[in-house]
Amino acid sequence: MSLPRSRSQTHFERASRSIPGGVNSPARAFGAVGGHPLIIDHADGAFLHDIDGNRLIDYIGSWGPHILGHRHPEVTKAIHAAVDKGTSFGAPNEMETELAELIKDAVPSIELVRMVSSGTEATMSAIRVARGFTGRDLIIKFAGCYHGHVDSLLVKAGSGALTHGNPSSPGVPKGCTADTLVLEYNHTDQLEEAFKTHPGKIACVILEPVVGNMGTVLPAPGYLETLRRLCSEHGTVLLFDEVMTGFRVAYGGAQERFKIRPDMTTLGKIVGGGMPVGAYGGRADIMQRVSPVGPVYQAGTLSGNPVAMAAGIATLKTLKTSDPYSRLEATTKTLCAGLAGAAQKAGVPFTINQVASMWTFFFAEGPITDLASAMKSDTKRFARFFWGLIDRGVYLACSQFEANFVSTAHTAELIDQTIASASDVLHEIARG
Ligand code: KE4
């Protein structure tokens, strides 16, 4: 019952002759599940359409941006209008200010914000500003969290780095990571210990307030509060990497949902509506260290690109006026309950972690609260699940260590279809 994939296969072989691994980002390479990626021709609403003519229900949404589904009319209209006025000016334009104001309105902890062109650029820049502001070098990150391919953060990283078995990448000089302390997520004792061992030395703690990059993992009750207290006590910048959770788990991100005010925040994905946008911001006293107001240098040719700004503005305005969050959460809970029921009936051990419209089905007994527990997952069973769903027209993230996403375009009928397909595959897996 395999989907026809010959055109994708042929094109992927051609791509591999010009692009390393045939992909411009390893997360798309299907490395963890085997086989070759599907080559996508176009997308609309909840669907991807590949070059073999297959239509698949898409639960990645370009790894998070498409909370409104593909080609939302308001976003597409805004992009077309912007393109007709020019693609890039290399000079300030009104839309940069409009998006900055929308971000500040949505995320009150952000008093000043700088646009960049990716989540990686956002985290790289935010770390530099935090170090410049505190005059300290040490940073804390957490095993399994992924913050983009920043040298100093490619240590025990999640997402594609974890999937492809290089959580700490070659090519990163020891000097770049010598000041990076890696703790285990949700282990409060390790936090207390780190601050006790390095009093007055820690510039910043960066974390995914809800992790997506080891699969979806929630903060333990009180964990974020402890982190906030310790950072305040020690003059350490608390940096929420909300590239994935921003505008995803609430309009104001995880900091709204969990009622924690970080000192800095990074954004990406949804904030660009599918166009290349990242952003970092936070307390005015910190952000005023950024050039040209302050001495910490950061720049970008295409930062604040008008076409990308237009996509972000249309996305945020649509989210703000339609407020789809409770509907998205209800739809996602229905999906996860259906998947859980199917796994129970099939007798397949599983854990589902879900927050708002992001979720992960783990092939492991729970609870899954950190990288060590996530790594217990049966990735072979995951690969069978992934391909079994592909052959039934359902497209999940191609790794056990990623989050999946529901969009406003996922109807009840598509959710039911997904559950039925998953049930078939889980029973096949149970039969061995
Ligand atoms: P980008 O540089 O890929 O725009 O953002 C890096 C980043 C930063 N912070 C968080 C929390 C992120 O999830 C990401 C990127 N996420 C991955 C998927 N887990 C992007 C997919 C890819 O690498 O192709």
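In this predicted model, Glu 402 sits in the loop that runs between β13 (394-395) and β14 (404-405). Glu 402 is buried, yet no salt bridge is found for this residue. The nearest side chain of opposite charge belongs to Lys 269, 7.0 Å away. A salt bridge requires a side-chain nitrogen within 4 Å of a carboxyl oxygen, so that cut-off excludes a pair 7.0 Å apart. The contacts of Glu 402 come from several parts of the sequence. Neighbours within four places aside, Glu 402 touches Ala 27, Trp 63, Ser 159, Gly 160, Thr 360 and Ala 397, among others. A run of contacts also includes Gly 212, Asn 213, Met 214, Gly 215 and Thr 216.

The protein is divided into two parts, domain 1 (6-60 + 324-430) and domain 2 (73-322). Their centres, taken over C-alpha atoms, are separated by 26 Å. Contact between the domains involves 31 residues of domain 1 and 29 residues of domain 2. The size of an interface is often given as the accessible area lost when the parts come together. Here the two domains bury about 2300 Å² between them. Carbon and sulfur atoms account for 61% of that area. On the side of domain 1, Tyr 325, Val 355 and Met 358 lose the most area to domain 2. Together these three residues make up 27% of what that side buries. One salt bridge is counted between domain 1 and domain 2.

The nonpolar interior was examined next. In soluble globular proteins, nonpolar side chains tend to be buried together. The largest nonpolar core in this model has 78 residues. Within this core, Ile 103, Phe 247 and Phe 385 have the most contacts. Both domains contribute to the core, with at least three residues drawn from each. Phe 247 illustrates the packing. Residues up to four places away in sequence are not counted here; beyond them, Phe 247 touches Ile 67, Ile 103, Ala 106 and Gly 253. Further contacts of Phe 247 are Leu 267, Ile 270, Val 271, Leu 316, Leu 319 and Tyr 325. Tyr 325 is also one of the residues of domain 1 that lose the most area to domain 2. A second core of 32 residues is separate from the largest one. Its members include Cys 145, Phe 362, Ala 374 and Phe 401.

Charged pairs were then surveyed. Side chains of opposite charge can pair when their charged atoms come close. Across the whole structure, 15 salt bridges are found. One of them joins Asp 44 and Arg 71, at 3.8 Å from N to O. Asp 44 belongs to strand β1 (residues 40-44), whereas Arg 71 is in the loop between β3 (55-58) and α2 (73-83), so the bridge ties together parts 27 residues apart in sequence. Asp 44 is partly exposed at 25% relative accessibility. Arg 71 is exposed, at 55%.

Another salt bridge connects two helices. Arg 229 pairs with Glu 192, the closest N and O atoms being 3.3 Å apart. Arg 229 is in helix α8 (residues 223-234) and Glu 192 in helix α7 (residues 188-197), so parts 37 residues apart in sequence are tied together. Arg 229 is partly exposed, with a relative accessible area of 37%. Glu 192 is partly exposed too, at 30%.

Arg 392 and Asp 424 form a salt bridge with closest N and O atoms 3.6 Å apart. Arg 392 lies in the loop between α14 (379-390) and β13, and Asp 424 in helix α15 (residues 412-430), 32 residues apart. Arg 392 is buried, with a relative accessible area of 16%. Asp 424, by contrast, is partly exposed at 42%. Shared partners also join Arg 228, Asp 263, Arg 283 and Asp 285 into one network of salt bridges. Glu 329 and Arg 257 form a further salt bridge, with closest N and O atoms 2.9 Å apart.

Backbone geometry completes the description. The peptide bond from Ser 291 to Pro 292 is cis, with omega near 10°. Pro 292 is in the loop between α10 (284-287) and α11 (306-322). The bond from Gly 366 to Pro 367 is cis as well, with omega near -5°. Pro 367 lies in the loop between β12 (358-362) and α13 (371-374).

Positive phi values occur at Phe 30, near 65°, and at Lys 259, about 55°. Neither residue is a glycine. Phe 30 is in the loop between α1 (6-16) and β1, and is buried at 1% relative accessible area. Lys 259 is in the loop between α9 (253-257) and β9 (264-267), and is exposed at 72%.

Definitions and conventions. Residues are numbered from 1 along each chain as its sequence is written. This is a predicted model: local features need pLDDT of at least 70, side-chain atom pairs count only at pLDDT 80 or more; totals for chains, interfaces and linings use all residues. Side-chain values use heavy atoms; hydrogens and water are left out. A nonpolar core is a set of buried Ala, Val, Leu, Ile, Met, Phe, Trp, Tyr and Cys residues joined through side-chain atoms within 4.5 Å. Buried means under 20% relative accessible area, exposed over 50%, partly exposed in between (1.4 Å probe, protein chains only). Domain bounds come from an automatic or database domain assignment. Contact means heavy atoms within 4.5 Å. Helices (H or I, at least four residues) and strands (E, at least two) are DSSP runs, numbered from the N terminus. Lys and Arg count as positive and Asp and Glu as negative; His and the chain ends are not counted. Buried area is the accessible area (1.4 Å probe) that two parts lose on being put together, summed over both.
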